[in-house]
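Reader: I would like a close look at a single part of this model, with the backbone geometry and the surrounding packing taken together. Please give one connected account rather than a list.

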Amino acid sequence: MIVDFHAHCFPERIAKKVIINLSQQSGNIEAFHSGTVDSLRAQMRQMGVDISVVLNISTNPRQQTSVNNFAIETNSLPDIVSLGSVHPDSPDALGELERIKEAGLKGIKLHPDYQGFFADDKKMFPIYEKAGELGLITVFHAGVDIGIPEPVHCPPGVFKKILPYFGGAPVVAAHMGGYIMWKEAIRELEGVDIYLDTAYCFGNLPMIWASRIIESHGAEKILLGSDMPWSRTDNEILFIKSLGLSQDEEKMILGGNAARLLGIN
Ligand SMILES: [Zn+2]
């Protein structure tokens, strides 16, 4: 089973505009689907992807409800697992986490750069604790975001500090624990109980660093991710397959770990 743990799509009426804006903001990077859930699913079929985890992000407090409504709607599709999102400045963030749980979503995505908070800001701790109590998976954008200037809001070193607030509920650090902060990701995350996804690594993460991160962190905690539409899932799969891992390790990374984490088979 192939599970892409890191993909994006947007509601039909805004998809085109969102893709253009995000692409421009990130140096005119190419988009590999047109932004809708249908175009993502068409690409999945072509690339042999069984399930994509769609990571939705609420970039302002007013959007929170509609972002999660879209997540709930798309989560009903057989090949899509959609995660919700809360905005730290929403007065109802904790209540929204309960709604997310009740609606059957498996977790949330937080993007500290897009949502304007530092991952270890104490205003976040009640949100982390609530997500943990509800047993939700929390995915963080980690490391540099190419569309947003410094400072980095979620460097790899922050996870040791914030993980206890989740009370053992699963946490995922995207982009191998810290985009373009590879050395720090190895140093700071070795032995830390956290999943890492491979999103946007093809062509960006040197193979030698990929191998070192997987070796030091353990293949059982690595999840295939693409960041579709910003990187192709088939390229990310080829990247994993080029690292000389054992067949078992490849199977775990390409879908086995994600299936276990999401409770699917
Ligand atoms: Zn992403």
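Author: Ile-180 sits in the loop between β6 and α8, and that loop is a good place to begin, with the reminder that the model is predicted. The phi of Ile-180 is positive, at about 55 degrees, although the residue is not a glycine. Most residues other than glycine have a negative phi, and most peptide bonds are trans. Ile-180 has 15 C-beta neighbours inside 10 Å, and since a residue needs 20 or more to be buried and 12 or fewer to be exposed, Ile-180 counts as partly exposed.

The loop that runs between β6 (171-173) and α8 (182-189) also holds His-175, another residue that is not a glycine and yet has a positive phi of about 55 degrees. The surroundings of His-175 are those of a buried residue, because 29 other C-beta atoms lie within 10 Å. On the β6 side, Val-172 and Ala-173 are among the residues with the most contacts inside the largest nonpolar core, which has 77 residues. In soluble globular proteins, nonpolar side chains tend to be buried together.

The list of residues with the most contacts in that core also includes Val-53, Leu-83, Phe-140, Leu-223 and Leu-224. If residues up to four places away in sequence are not counted, Val-53 touches Val-3, Asp-4, Phe-5, His-6 and Ala-7, and in addition Val-81 and Leu-83.

A further backbone feature concerns the peptide bond from Met-228 to Pro-229, which is cis, with omega near 10 degrees. Pro-229 is placed in the loop between β8 (222-223) and α10, and Met-228 is found in the loop between β8 and α10 as well. Met-228 counts as buried, because 27 C-beta neighbours lie inside 10 Å. Although Met-228 and His-6 are 222 residues apart in sequence, their C-alpha atoms are 7.1 Å apart in space. With neighbours within four places in sequence left aside, Met-228 is in contact with Asp-4, Ala-7 and His-8, with Phe-32 and His-33, with Leu-40 and Gln-43, and with Thr-233. Asp-4 and Ala-7 thus appear among the contacts of Met-228 and are also touched by Val-53.

From that loop the account passes to the helices. The axes of α10 (residues 233-241) and α11 (residues 247-262) come within 10 Å and cross at roughly 160 degrees, so α10 is roughly antiparallel to α11. The contact involves Ile-237, Ile-240 and Lys-241 on α10, and Glu-250, Ile-253 and Leu-254 on α11. Sorted by class, this contact of α10 with α11 has four nonpolar, no polar and two charged residues. The handedness of the α10 and α11 crossing is right-handed.

Another helix pair can be set beside this one. The axes of α4 (residues 93-102) and α6 (residues 125-133) come within 10 Å and cross at roughly 20 degrees, and α4 and α6 are therefore roughly parallel to each other. The crossing of α4 with α6 is right-handed. Here Ala-93, Leu-94 and Leu-97 of α4 meet Pro-126, Ile-127, Lys-130 and Ala-131 of α6, and the residues of this contact divide into six nonpolar, no polar and one charged.

Key: Residues numbered from 1 in each chain as written. Predicted model: local features only at pLDDT ≥ 70, side-chain atom pairs only at ≥ 80, totals over all residues. Core = buried A, V, L, I, M, F, W, Y, C linked by C-beta atoms within 7 Å. Contact = placed C-beta atoms within 7 Å. Axes fitted to C-alpha atoms, helices over the stretch in contact; angles between N-to-C directions. Helix = DSSP H or I, 4+ residues; strand = E, 2+ residues; numbered from the N terminus. Parallel < 35°, antiparallel > 145°, perpendicular 65-115°, else oblique. Left-handed = near helix turned anticlockwise from the far one by under 90°. Nonpolar A, V, L, I, M, F, W, Y, C, P; charged D, E, K, R; others polar.
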